[in-house]
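Here are my notes for anyone opening this structure for the first time. Have the model on screen while you read, and go point by point.

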Amino acid sequence: MTLACKYRNYFFNFFHYIIFVLFMYAAFSKTLKFDVFVNNLGKSPFFENINISLIAIIVIALEYSVPFLLFFEKTAKFGYLTSFVLFLLFSGYIVMLLQISPYLPCSCGGFTEVLSWTQHIYFNIFFLVVSVLLFLFSDNIPLR
């Protein structure tokens, strides 16, 4: 294995585990603060007349599904695709909120709490691109 291939593998493995931890953290923090998460979703103009608790459970379940899929090499590629779709949906949700809502509900925790909404979109787009790259090259990268 050439040195370039070795570092490429380290790069992709690093981001594999970053996405794993990112989704575990997001799902776990929403689970711990479920009432706060449901309350913030209830303030969103997109979820009027909808069972907010059900939406919250679905979001959390989807966030837990990514690390679960990434844990197994056979399902990792689908995990990258799921990660991409979730980052795309979350980014679209933020953009739409910025366009129509006077209140911007945030259930973020930890370091993402300090990000502005624009920075949050850039953060999501960065990981959206990383998810695509991992998806495209996952057949050539052994997970360690």
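1. What share of the residues in the protein is buried? Buried residues, meaning those under 20% relative accessible area (exposed is over 50%, partly exposed in between, with a 1.4 Å probe and protein chains only), make up 37% of the 144 residues.

2. Some housekeeping. This is a predicted model, where local features need pLDDT of at least 70 and side-chain atom pairs count only at pLDDT 80 or more, while totals for chains, interfaces and linings use all residues. Residues are numbered from 1 along each chain as its sequence is written, and side-chain values use heavy atoms, with hydrogens and water left out.

3. The overall plan is easy to remember: five helices and zero strands, running α-α-α-α-α from the N terminus. Helices (H or I, at least four residues) and strands (E, at least two) are DSSP runs, numbered from the N terminus. Of the contacts (heavy atoms within 4.5 Å) with a separation of 6 or more, 70% are between residues 24 or more positions apart.

4. Start with helix H2, residues 34-42, where Phe37, Val38, Asn40 and Leu41 are buried. These buried residues fall within an arc of 165 degrees seen down the axis of H2, so they line one face of the helix; the arc is that of the directions from the helix axis to the C-beta atoms.

5. H2 packs on H3 at an angle of about 115 degrees, with the axes 9 Å apart. Axes here are lines fitted to C-alpha atoms, for helices over the stretch in contact, and angles run from 0 to 180 degrees between N-to-C directions. The crossing of H2 and H3 is right-handed (the near helix is turned clockwise from the far one by less than a right angle; anticlockwise would be left-handed). Phe34, Phe37, Val38, Leu41 and Gly42 in H2 meet residues of H3 including Ile52, Ile55 and Val59. The residues of this contact divide into 10 nonpolar, two polar and no charged. Ala, Val, Leu, Ile, Met, Phe, Trp, Tyr, Cys and Pro count as nonpolar, Asp, Glu, Lys and Arg as charged, and the others, Gly among them, as polar.

6. Have a look at Asn49 in the loop between H2 and H3. Asn49 has a positive phi of about 60 degrees although it is not a glycine, and at 84% relative accessibility it counts as exposed.

7. Next, H3 (residues 52-71) and H4 (residues 76-100) pack at an angle of about 150 degrees, with their axes 8 Å apart. Among the residues making the contact are Val59, Leu62, Ser65 and Leu69 of H3, and Phe78, Ser83, Leu86 and Phe90 of H4. The tally for this contact is 10 nonpolar, four polar and one charged. The crossing of H3 and H4 is left-handed.

8. Ser65 is partly exposed, with a relative accessible area of 21%. The C-alpha atoms of Ser65 and Ser83 are separated by 9.2 Å, although these residues are 18 apart along the chain.

9. Which residues touch the most other members of the largest nonpolar core? They are Ile19, Phe127 and Leu134, in a core of 16 residues. H1 (3-32), H3, H4 and H5 (117-137) each supply at least two of its residues. Apart from it lies another core of nine residues, among them Phe37, Ile55, Val59 and Ile60. A nonpolar core is a set of buried Ala, Val, Leu, Ile, Met, Phe, Trp, Tyr and Cys residues joined through side-chain atoms within 4.5 Å.

10. Finally, Phe127 touches Phe15, Ile18, Ile19, Leu22 and Phe87, not counting residues up to four places away in sequence.
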